[in-house]
Amino acid sequence: MIQPDEIIRSRRRTLSVSVDVFGRVIVRAPLRCGEERIFAFLREKEGWIARRKSEAEASSVRLPSGNLDGYAFLLLGRECIIRLYGGANIRFSEGTGEIFLPASDPEKRLTNWLKRNAKRIFSGIAARRAAEMGASYPSLSVTSARTRWGSCSYNNALHFSFRLLYAPSAVIDYVVVHELAHTFHRNHSRQFWATVERFVPDYRKKRDWLKEKSILMQIF
């Protein structure tokens with residue numbers, strides 16, 4: 001019997017099931033839907049679920065386990081591999097895509113390193129793009145948000161999740177332009193998207209990448 005990894009109940013009327021890129025089975029169900037109905041639904045979808053789980057197993061996206069040594073994840077859209085070692089500092093080999101990470105408290109060290117680099121990279125892109133767009137913002141901060149890649153506050157302050165660093169540079173650029181466009185347009189109106197398209201003509205492709213890879217926000 002297929003066991004769902006998560007059941008999300010809401011005021012919806014129908015049942016649905018999805019398999020994310022990690023192979024997790026997610027069921028979305030009405031608030032009062034009983035488990036018997038849910039498991040009957042899963043039995044009907046058993047073949048489809050099995051195929052999707054097989055596809056997920058063949059993909060390169062994995063959640064980190066307790067031991068980070070050898071774990072692969074995306075950095076600026078490129079696969080990087082963690083190598084734990086006995087040193088005191090993090091070293092990144094751009095040629096091999098390896099991150100040499102101290103074995104002592106590795107996840108905390110890695111997230112701090114990612115945040116520092118994210119602040120540097122995002123700040124550079126925002127400064128350049130703001131000058132091109134004629135936009136201004138009082139500050140830029142890096143957050144640990146898992147639900148938004150970026151946001152623009154009421155006072156035009158920019159906020160970006162450090163996890164955006166997993167995306168290719170061109171996708172990061174789109175998110176920065178997206179948030180800078182909000183300094184002119186507070187909603188997602190036709191004028192807003194026209195502003196985005198002016199500076200990122202293929203923004204739809206970048207937006208699709210973010211939607212397809214949203215599960216990456218669960219890493220670290």
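This passage describes the nonpolar cores, the largest pocket, the salt bridges and the surroundings of one glutamate in a predicted model.

The largest nonpolar core of the model contains 51 residues. Within this core, the residues with the most contacts are F73, L110, L114, F122, L164 and F220. Several strands and helices take part: β4 (72–75), β5 (78–85), β7 (98–102) and β10 (158–161) each supply at least two residues, as do the helices α3, α4, α5 (190–199) and α6. Helix α3 gives the most to this core, with 10 residues. The surroundings of L164 illustrate how residues from separate parts of the chain meet. When neighbours within four places in sequence are left aside, L164 is in contact with F122, W149, I172, V175 and L210. Another core, of 13 residues, lies apart from the largest one and includes I2, V17, F41 and I49.

The largest pocket holds about 420 Å³ of space. Its lining is made up of 18 residues, and those nearest the centre of the pocket are W149, G150, H178, E179 and H188. Three elements give two or more residues to this lining, namely β9 (150–152), α4 (169–181) and α6 (203–212). Of these, α4 provides the largest share, with 4 residues. In chemical character, the lining divides into 7 nonpolar, 7 polar and 4 charged residues. Two of the elements named here, α4 and α6, also supply at least two residues each to the largest nonpolar core. W149, which lies among the residues nearest the centre of the pocket, is also one of the contacts of L164.

The structure holds 7 salt bridges. One of them joins the side chains of E132 and R129, with an N to O distance of 2.8 Å. Both residues lie in helix α3, 3 residues apart, which is about one turn of the helix. The two partners differ in their exposure: R129 has a relative accessibility of 9% and therefore counts as buried, whereas E132, at 42%, is partly exposed. A second salt bridge links E197 and R204, with 3.6 Å from N to O. In this pair, E197 is partly exposed at 36% relative accessibility, and R204 is partly exposed at 42%. A third is formed by K206 and D202, whose closest N and O atoms are 2.5 Å apart. Here K206 counts as buried because its relative accessibility is 10%, while D202, with a relative accessible area of 32%, is partly exposed. Salt bridges that share partners also join R128, R129, E132 and D173 into one network.

Residue E107 is placed in helix α3, which spans residues 106–133. With a relative accessibility of 37%, E107 counts as partly exposed. Apart from its neighbours within four places in sequence, E107 is in contact with L68 and F220. The latter, F220, is among the residues with the most contacts inside the largest nonpolar core. The C-alpha atoms of E107 and P64 are separated by 9.7 Å, although the two residues are 43 residues apart along the chain. Helix α3 thus recurs in several parts of this description: E107 is located in it, E132 and R129 both lie in it, and the largest nonpolar core receives 10 residues from it.

Definitions and conventions:
Residues are numbered from 1 along each chain as its sequence is written. This is a predicted model: local features need pLDDT of at least 70, side-chain atom pairs count only at pLDDT 80 or more; totals for chains, interfaces and linings use all residues. Side-chain values use heavy atoms; hydrogens and water are left out. Buried means under 20% relative accessible area, exposed over 50%, partly exposed in between (1.4 Å probe, protein chains only). Contact means heavy atoms within 4.5 Å. On a 1 Å grid over the protein atoms alone, a cavity is a set of points where a 1.4 Å probe fits but cannot get out, and a pocket is an open set with protein on both sides within 12 Å along at least five of seven lines; lining residues have an atom within 4 Å of a point. Grid points are joined across faces, edges and corners, and a volume is the space filled by probe spheres set on the points. Ala, Val, Leu, Ile, Met, Phe, Trp, Tyr, Cys and Pro count as nonpolar, Asp, Glu, Lys and Arg as charged, and the others, Gly among them, as polar. A salt bridge is a side-chain nitrogen of Lys or Arg within 4 Å of a carboxyl oxygen of Asp or Glu. A nonpolar core is a set of buried Ala, Val, Leu, Ile, Met, Phe, Trp, Tyr and Cys residues joined through side-chain atoms within 4.5 Å.
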